[in-house]
Structure formats: C-alpha cells, structure tokens
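Colleague: I would like a close look at a single part of this model, followed outward into its surroundings.

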Amino acid sequence: MSDRRAAIVEGSVPRTLVSLAVPLVAQNVVRVAQQVIDTFWLGRIGETAVAAVGLTIPVLGLLFALLVTPFVGTQILVSQRVGAEDDEGALRLVVHGVALALALGALVGGGVATLSRPLVALVGAGPDVAPAAALYLGVVALGLPLAGASDALEAGFVGRGDSRASLYINVATVAVNVVLDPLFIFGGGPVPGMGIRGAALATVAGYAAGLALAVALAVGPRMGLSRRHLSPARADLRALLSVGGPITGRRVVSQSVRVVLVGVVAVAGGAAGLAAYTVGARVASVAVLPSRGLAQAAQSMVGQNVGADRPDRAVRTARVGVGVAVAALALLGVVQWLVPGPVARLFVPDISGDGLALTVQYLRILAYGYPAIGAVDLLLSGFNGAGRTRTSFVADLLKYWAVRLPVAALALPATASASVFGVAVAPGLDLGMPAVFWAVTGSNVAAAVGVGAYYVHAVRGGLFDGGDDGGREDGDDDAATPTD
C-alpha cells in the first residue's frame, strides 16, 4: 500500500495516472463487450427479446444511478484518507460504503421488482414486448444489492490506487455472465432453457461472482479488511451521503434527459432518426472509454494528494489528465469524422438509406465535441477528488436541461410534442434531426467552456487546499460537509 501511495503523492504524475487508468479503461471495455455478447445471444431468441431488453436500458440506467452514492463517495473519501495516511479510517469507510450499497440496492431493487410492469409501460413498451421486458427488469432488479456492494468494494480499491483489483472483479462478473448466458437461455444438461429469464439470471449470477471475488480480495492482504473495521460511525455514513449524493443527482439528470430525447428523436426522425441516434450513442460510448478511465484514475490521485496536503500535485494531475484525454478523444474524433460510414457499419452492418445518411451526419457532428467531453470528464474529476461533487451535479443539470434538451426540442414539428416519464417537451420549430445532433455536441462544448472557466476560478480560490475529512472522528458532526 505504501508503494502505491508514494507513487501517487510523490512519483511521476503522467506515468502514475496512465498506469492507474489502463486497467480502468480495460474494465470499461469489458463491460461494453458484455453488452454486445448479451445482445448476440438474445438475438438468437428473436427480435422481441432484444427489443424487450433494450427497453429496460434507460430504466436500469436510472436504477444504477441511485447506487452511485456509495460508489463515488467511497472512492473519493478513501483516496483522501489514504493520502492523509489514515488507513484505518479508509477501511472503515469501505465497510460503510458496502453497507449503504446493500441497503439502497435492496430498497430500490425490491421496489422495481414489484413494479416492473408499470415501469416498462412508462417507457413505451407495447403489449408484444412488455411481458418480457418486465420479466427481465424484475429479475435483474433483485441483483442490485449484489451489484452495489461489489461496486462499493471496487471503489475502495480504486481509491487506494489499486485499479487492477477493480479490473479483476469486473472480468469475473462478465466472464460468469458470458458463460452462463447461452446455458441459461437455451438450456443444456440438467439446466432447462429459460429464455429471457435465463439471460437475467446469468446477469445476476455475474454480479454474485464479482461480489464474491471482491470480498475475497478485500479480506486478503490486498486490502486487509477485518472485523475491527465493522464498527458503525454515523459521521462516515453522513460523509458518504454528502459526497456521493450529488453524483447520484448528476446521473439521474443525465439519464432522465436521455430518456426524453429518445421520445423527441422518435417524433422528429422516425425509424431512421432512431437508428442514427442509437448508433451514435453506441459509438460515443466506446469513444469516451479512455477519458472515463482517466477520470476515475485522476479522481483517486487528486483525492490522495488533497489528503496528503499536496495541492500542487492535485493541480498537475488534473492538468495532465485534461491534456491526455483531449488529445486521445481528438484523435478518435478525427478518425470518426474521416470514415463515418465504416464506423456505422461496424455497429450495424446492414444499415442503409436514410438511416445511414443520418448516422454519417451524426457521427461527424459528434466528433467535433469529443475533445470537450474529455476536458469535462477530467476537470470534474478534479472537483470530485477534492470532495466538491456538487459542481458535477450543477454542471450536468445545466448541460442537459438548460442546453441539450431545449435545443433538441427545436427538432420537433410545430404541431407535435413528446412526453416520457410524465415530462412533456413543447412543440419545436421543425428543424429535424440536425437540431438533435447539434444539441448533443453543442451542450458538450458549452459544458467544457463553463466548467473550464469555473475550474480556473476555483483553483485560484484554493480548490485543492484541504479535502473532505468526513467521518474521521465519530463525534464530529461538521466533518461530513463538503467544501462546495
């Protein structure tokens, strides 16, 4: 542990940042591969099965957003305590993160499993796909406590600078899911084929496997978690809620707007527009993997340097991270702009006609905003590492609700509107799909400019001069309050 801390608070910033980020980028690639493989096997059942699971994606996105509080709170607070050489406090925080994740997962998962049918109806499931979608959602929801607890332990490892452990946990999760998918879906030997229920059970089994490995690594010498760290402390719990809560709000904000945008696209662009928007979203989700991995690594490095009272290194970490992320995503953007057609066919081989034309247009427009996405990811990781997670929430609130959605709504015909989850989007100016495409890129660029300006102001005001010390002393009620 001391070697990892020494590298983070004293070693080469670029080398340490990249070494921490590589396993996290690989972890994200593994997760994307899991989605592709799941779709492959479900496609063997039929189009209805793929459509049913696809309809659950926005709902599951919102559910996992609610589990972000223990995940992000654990990573940030553990990194700060490790930086301050309070290893016992860091381990105690990991236990509280797992407990909070289990509680939230049980509460949310149980509620969703009970209400799965009305929930899929809210996102527009028709009578042909609603039963299958509700079945899949209900089973996966029951696995949320396992997924949340596993994520909290992962966050503890990443906060300590051990990103490889997080990769191992995710590989175990995905490997079990991938192996069990065809067995549970189609059956084999004594195992009966269960169709879409089997796909959901394979996912839950993957969560269980990841949690089992995470616990084994945590109680072993890699982390050293033991019974003495199980003592409850209200200040630790308050710290987790205070630091992690705004990130949950941030995820809910982004996921909810994405759900509404699907309704806007369906009205404004029809099937071709939906195809283009879907392909663009899939391509972008892969393109941003480098910046997301770098952001997680930078968040831990900033947190440890704040805890170690090394604001100069925290600033340098954020600066180097922004440079690497902007360069990497700019390069990917150039490739995407030059060959949008082949990129589109890589994801949907048989795409053609209006769907292909709109997809090519969207991929080129998206490419202009890639460097901005990288900059925002790394700048916000600096705020998060310092415990000022409310900045991330406000940034996404403005980005999605004040810029992206109003501009995208201009695509709607003057006589139409879209409503999802009870959110109605007023009639637009009939500008068509280009308004949606530029809304996405424009909001990313606007966020980069706004967050960048605020970051410069915050650094001059002492952003990294002392972190969130929440929960180090059980009786310190003010310790859990972040500086933002």
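Colleague: How many residues does helix α13 have, and what distance does the helix reach from its first C-alpha to its last?

Modeller: This is a predicted model, and in it helix α13, residues 311-338, has 28 residues and reaches 41 Å from its first C-alpha to its last, which is close to the 40 Å expected at 1.5 Å a residue. The buried residues of α13 are R313, A314, T317, A318, V320, G321, V322, A325, L329, G333 and Q336. For reading that list, it helps to recall that an α-helix has 3.6 residues a turn, so residues three or four places apart point the same way.

Ahead of the helix, the loop between α12 (289-307) and α13 holds D309, a residue that has a positive phi of about 60° although it is not a glycine. Most residues other than glycine have a negative phi. D309 counts as exposed, because its relative accessibility is 57% and the cut-off for that class is over 50%. E85, in the loop between α4 (68-83) and α5 (87-114), likewise is not a glycine and has a positive phi, near 60°; E85 counts as exposed because its relative accessibility is 63%.

As for the cores, the largest nonpolar one has 37 residues, and those with the most contacts inside it are L366, Y370, V436 and F437. The elements that give two or more residues to this core are α11 (234-287), α14 (340-347), α15 (353-368), α16, α17 and α18 (433-460), and its largest share, twelve residues, comes from α11. Leaving aside neighbours within four places in sequence, V436 is in contact with V264, V265, Y277, A408 and A411. A second, separate core has 36 residues, including A318, L378, L379 and F383, and A318 is one of the buried residues of α13.

F383, from that second core, leads on to T389, since leaving aside neighbours within four places in sequence T389 is in contact with I76, S242, V243, P246, I247, F383 and N384. T389 is placed in the loop between α16 (370-385) and α17 (390-409), yet T389 counts as buried, because its relative accessible area is 0% and the cut-off is under 20%. A polar atom of the T389 side chain lies 2.6 Å from the backbone oxygen of V243, and V243 is also among the residues in contact with T389. The loop residues thus described contrast in exposure, with D309 exposed and T389 buried.

Definitions and conventions
Residues are numbered from 1 along each chain as its sequence is written. This is a predicted model: local features need pLDDT of at least 70, side-chain atom pairs count only at pLDDT 80 or more; totals for chains, interfaces and linings use all residues. Side-chain values use heavy atoms; hydrogens and water are left out. Helices (H or I, at least four residues) and strands (E, at least two) are DSSP runs, numbered from the N terminus. The expected span of a helix is 1.5 Å times one less than its number of residues. Buried means under 20% relative accessible area, exposed over 50%, partly exposed in between (1.4 Å probe, protein chains only). A polar contact is a pair of N or O atoms within 3.5 Å; within protein, one must be able to donate a hydrogen and the other to accept it, and residues adjacent in sequence count only if both atoms are side-chain atoms. Contact means heavy atoms within 4.5 Å. A nonpolar core is a set of buried Ala, Val, Leu, Ile, Met, Phe, Trp, Tyr and Cys residues joined through side-chain atoms within 4.5 Å.
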